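Biologist: Please take a close look at one charged side chain and its partner, then work outwards from there. I'd like cut-offs spelled out as you go.

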Amino acid sequence: MVGVKRRVDTGDDRKGKRTKTKTAVSTKGKSAPVKAQKGSKSATNGKDVKGSKKDKKALKKKAVEEEEDDEISEDDFDVDDIEDSEIEDVEDDVDMDDVDVEDDEDESDENKEEYKDKKKVNSKAQEDEEAKKTSSRESHIKQKALLQERKAAKPNADQIARSKKLWERLRRKSHVPLKERKKLIAELFDIITGRVKDFVFKHDSVRVIQTALKYANVEQRKQIAHELKGSYVELAQSKYAKFLIGKLIVHGDSEIRDLIIAEFYGKVKRLIRHPEGSWILDDIYRTVATQEQQANLLREWYGAEFAIFRDNNTKDKKPTADLSKILEEDPAKRSPIMHFLLELINQLIQKKTTGFTMLHDAMLQYFLNVKPGTSDATEFIELIKGDEEGDLVKNLAFTKSGAHLMCLALAYSTAKDRKHLTRFYKDTIKMMAGDLHGHLVLLAAYEVIDDTKLTAKLIFPELLNQNIADEEARNEELLYQSTDLTARIPILYPFASDPNNTNTKRLKWLLPEQDFAILDEIRSIRKETSKKDPAVRRMELIKAASPTLLDLITARAESLLTTSFGCQFLSEVLFDADDSDGKKHTALSAVATAAKSRSDTKDSPFVGRMLKSLVQGGRFNVTEKKVEKVSPPLGFDALFYEQISDEIMAWATGSNVYVIVALVESEDFEKKNELIKALKKGKKDLETAAKGEKGPTASGAKLLLEKIA
């Protein structure tokens, strides 16, 4: 049939050649005869290319017949007269334009088929992915169900589940009314009574017991403590249950404390080396244990026999952990005890667990009982130095025994070892200065290190904030330190200390009582291990610290006058500060100006004491009952009088009248006569003040009347 489309031949079908035709196929109802173009080649498929010679002859014959039929009209043309072979030949001569159209249509069909195939692939992938998700979700649900089944199969599963729900409610204290909380606690104790041991060794249910302890009464806490009797060593070694012991110690009484500590006897060596048990043991030793209990625990560091035969102690003779007394009673045990103690100390140091107070106590006992200068003492100092990171040295500074040990180590060490040990405290100086025990190590460094330039280089940049570039920030931080009860000690010690140690009461206002014995011990050792004169060492330290402290006084004099600690700081620094750069006079002028500008200075007793001592020009020696004037003289009397000359009578009749008395009594005051004239003019005011109520004002006014009479 004419017009029937056929498959477009590919390049392979034509052996790489394309067929070009000029004759177009008529699309009308009756097809016109198609003339065959000369030279046209028939496009055939693979089978036609291999056709016989007969086919070629037939094609030529048909071409001739087509030329003859050109004269026949279209009306006379009958499709039925055309043979099928002719139709095939006509189709072979289709114009190239039609072939291109067919190619485009075939390409679009192929693209559509490819798109459909891709869509099928994508939809199949999505279906597979959804199937995987569904299977994963189902698997997760099955695993969760299996987990719930396993939990349910465990002992006390229902009770634990219910107790955890109660815990969820109780832990939100602010959201639970008191009545409801009491009801929940009662229900919780009904569940856990008799089952406490089943709860405490699980990370989730142990929280339930801790909450029960928090809200329980005394009897309920004792009930829990007695249920756990015999398990405290195991609890201490548990990652989670150890916190329960801490709760029992915090919320319990002495009965519970004694019950717990008694179970640790004989197991100290095992617990102190355990990663979990060591911390709870040391916390109990440090915080709640009595002296007798501490002695029993520490004695186990001296050997196995002290753990086994602990019960030999009688009521009349309390146990002691003082190793010197133990060795004095039985000198034959010295070698095994010292060996056992050093071995246990070394084990903990090698494990980097050096923060225990019990360890520091044991180390101090060892060092106190080795002879200075021997190989044992030298090796022990090397053991302390051996920690390259310095954690041991830093931790020692923050406990009572550790600080004592570090003071002795600095005193007995060589100059090189002192330098090595002090360098460990870099970036920790300020923290040590504010610590009750740590500041003592800094004082020991002041006392024994001969190289004061090294001391100033290692300690002062951090202690005095010299490494802070911003002056305002530096002064603010230093102001806080100078008015803190403990942090001010290392700052003021070089200025306030007595280099000859003749006035022992001179530092009572600054140092804690416990510091004096250790400082006396260090000074006695220093006589053999240090060469520099103590007075020279002190003045070199003062010279290094003076510029920074004088700058602070100049900038913040008014702020320092507001507190008693600030006034003490002012007087101590100004008495002995170095004046080589002229900053001392500037600081004194700033104090005099601040004394006038503040309206409350006339009535503040600590301001009056400070001004009086500066006017007198030295410290008052309580023992000898006289003023020890500093050299060179301060000259504060003239500076102060210049500021208050126009309000002398206000000061003379105020609470701080004794400042004016000090001016009158001053031998070096050049304007004394002028002052006396001003007081004589206001004699009536002085008489009125003298007749007032008993107190400093009345007594001071009477004294002034005597001076001007």
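**R537 and its surroundings**

Modeller: R537 counts as buried, because its relative accessibility is 2% (buried means under 20% relative accessible area, exposed over 50%, and partly exposed in between, using a 1.4 Å probe and protein chains only). Before going on: this is a predicted model, where local features need pLDDT of at least 70 and side-chain atom pairs count only at pLDDT 80 or more, while totals for chains, interfaces and linings use all residues. Residues are numbered from 1 along each chain as its sequence is written, and side-chain values use heavy atoms, with hydrogens and water left out.

The partner of R537 is D450: their side chains meet in a salt bridge, 2.7 Å from N to O (a side-chain nitrogen of Lys or Arg within 4 Å of a carboxyl oxygen of Asp or Glu). R537 sits in helix α31 (residues 534-560) and D450 in the loop between α25 and α26 (452-458), so this pair ties together parts that are 87 residues apart in sequence. Helices here are DSSP runs of H or I with at least four residues, strands are runs of E with at least two, and both are numbered from the N terminus.

E540 has a salt bridge as well, with K532, where the closest N and O atoms are 2.9 Å apart. E540 is partly exposed, since its relative accessibility is 32%; K532 also counts as partly exposed, with a relative accessible area of 26%. Then there's a network: E447, D520, R523 and R526 are joined by salt bridges that share partners. By this rule the count comes to 27 salt bridges.

For a pair within one helix, look at E382 and K385, whose closest N and O atoms are 3.2 Å apart in a salt bridge. Both are in helix α20 and three residues apart, so about one helical turn separates them. E382 is partly exposed because its relative accessibility is 40%, and K385 is buried because its value is 13%.

That helix, α20 (375-385), leads to α22, as it is among the elements covering the buried residues of α22; others include α19, α21 (391-396), α23 (415-423), α25 (438-448) and α30 (513-529). The contacts behind that list are heavy atoms within 4.5 Å. With 11 of its 13 residues buried, α22 is largely enclosed by the rest of the structure; the buried ones include H404, M406 and C407. Its geometry checks out too: the 13 residues of α22 (residues 400-412) should span 18 Å at 1.5 Å a residue, which agrees with end C-alpha atoms 19 Å apart. The expected span is 1.5 Å times one less than the number of residues.

Helix α19 (residues 357-368) gets the same check: its 12 residues should span 16 Å at 1.5 Å a residue, and its end C-alpha atoms are 17 Å apart, which agrees. Mostly covered, α19 has 11 of its 12 residues buried, including the charged D361 and the aromatic Y366 and F367.

Stepping back to the whole chain, its secondary structure comes to 40 helices and two strands. Buried residues are 44% of its 709 residues. Of the contacts between residues at least 6 apart in sequence, 69% join residues at least 24 apart.
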